[in-house]
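Q: I am new to reading protein structures and would like a close look at one buried charged side chain and what surrounds it. Could you take me from that spot outwards, explaining each term as we go?

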Amino acid sequence: MDPSLLTVAAGMRAQMETLEVVGNNIANASTHGYKADRDFYRLFLSAQAQADPLTGQISRMPFVQGSTIDFNQGAFIPTEAPLDVALSGPGFLVVEGPGGELYTRSGSLRRSASGVLETAEGFSVLDSQRGSISIPPNGKIEVGAGGMISIEGLEVAELLLVEFEKGAGLSKVGNSYFRAAEGIIPQPAVETSLNQGKLEASNVNVAEEAVRLMLAMRHFQMMRRVASLVGDELNGRAIEVLGSTR
């Protein structure tokens, strides 16, 4: 296959992956505690790549090498709900998820039918001893900045808050949770505080993502046109070669 066509095809694929990342960010712009993804590119050199016989240059294929998570703080949204908490700082709440502990910035908590404090998805929120938290059905609930939960002035449990070095070793599980890589141990939170009656909004900049979306679509369309032109040229050459063999 023509090297130029391969390069264009690789560029189109990279733009499609960018569209997926941007589209997911926009879809979660209203998801509490969501952290935006940022894709980054590299140039790929195949082990079978050969230099152009005329120029001596080797074609490198663009591709999306991966994405990073933007852990910047989102804006706070007042809710006045006593079990809603917004995290200020780099920390996470710890919950018992499928397969082990998960970490989240989404502080939309609730009392289950059995009285256990859980997330909107039904995961138990862990206390400082890594146990579940029982919330009485009645009484004024207060959540301190350090995570202490009090009912009518009586301390009942302390939320477990942890931090990671700039989010290192974390990968997404769904849209609101993170899992730590093997060997990554969370540290006790020292720079994080809680704000009761508020939720942290997504840190997605919708206007910025819309611009990225339009640029990615425009680049994809341009490369598709180039692919069409290259394909037409190759077909023309093939017709000429076949015609000359008669």
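A: Here is a walk that begins at one lysine and moves out to charged pairs, aromatic rings and nonpolar cores.

First, some ground rules: this is a predicted model, in which local features need a pLDDT of at least 70 and side-chain atom pairs count only at pLDDT 80 or more, while totals for chains, interfaces and linings use all residues. Residues are numbered from 1 along each chain as its sequence is written, and side-chain values use heavy atoms, with hydrogens and water left out.

Let's start at Lys 35, which sits in the loop between H1 and E1. Those labels stand for helices (H or I, at least four residues) and strands (E, at least two), which are DSSP runs numbered from the N terminus. Lys 35 counts as buried because its relative accessibility is 0%; buried means under 20% relative accessible area, exposed over 50%, and partly exposed in between (1.4 Å probe, protein chains only).

Which residues does Lys 35 contact, leaving aside its neighbours within four places in sequence? Among them are Ile 69, Asp 70, Phe 71, Phe 178 and Glu 200, where contact means heavy atoms within 4.5 Å. Keep Asp 70 and the two phenylalanines in mind, as we will meet them again.

Now for the charged partner. Lys 35 and Glu 200 form a salt bridge through their side chains, at 2.6 Å from N to O. Glu 200 lies in strand E18 (residues 198–200) and Lys 35 in the loop between helix H1 (3–27) and strand E1 (37–44), so this pair ties together parts that are 165 residues apart in sequence. A salt bridge is a side-chain nitrogen of Lys or Arg within 4 Å of a carboxyl oxygen of Asp or Glu. Behind this is a simple idea: side chains of opposite charge can pair when their charged atoms come close. Both partners, Glu 200 and Lys 35, are buried.

In total the structure holds 10 salt bridges. Another joins Arg 38 and Glu 208, with 3.9 Å between the closest N and O atoms. Here too distant parts of the chain are linked: Arg 38 is in strand E1 and Glu 208 in helix H2 (residues 206–244), 170 residues apart. Arg 38 counts as buried because its relative accessibility is 19%, whereas Glu 208, at 38%, counts as partly exposed. A further salt bridge, of 2.8 Å from N to O, brings together Arg 110 and Glu 118. Arg 110 is partly exposed at 38% relative accessibility, while Glu 118 is buried at 12%. Through shared partners, salt bridges also join Arg 38, Asp 70, Glu 208, Glu 209 and Arg 212 into one network. Asp 70 is a residue you already know from the contacts of Lys 35.

Next, the rings. The structure holds 6 aromatic pairs. One of them is Phe 71 with Phe 178, a tilted pair at 5.5 Å centre to centre and 45° between the planes. Phe 71 lies in the loop between strand E2 (61–69) and strand E3 (76–78), and Phe 178 in strand E15 (residues 177–180), so parts 107 residues apart in sequence are tied together. For the terms: rings of Phe, Tyr and Trp (its six-membered ring) pair if their centres lie within 6.5 Å, and planes under 30 degrees apart count as stacked, over 60 as edge-to-face and the rest as tilted. Phe 71 is partly exposed, at 25%, and Phe 178 is buried, at 1%.

Phe 92 and Phe 164 make an edge-to-face pair, 5.8 Å centre to centre with 75° between the planes. Both Phe 92 and Phe 164 are buried. Together, Phe 71, Phe 92, Tyr 103, Phe 164 and Phe 178 form one aromatic cluster.

Finally, the nonpolar cores. The largest core has 21 residues, of which Leu 117, Ile 149 and Leu 159 touch the most other members. A second, separate core of 10 residues includes Ile 69 and Phe 164. A nonpolar core is a set of buried Ala, Val, Leu, Ile, Met, Phe, Trp, Tyr and Cys residues joined through side-chain atoms within 4.5 Å. Ile 69 brings us back to the start, as one of the residues in contact with Lys 35.
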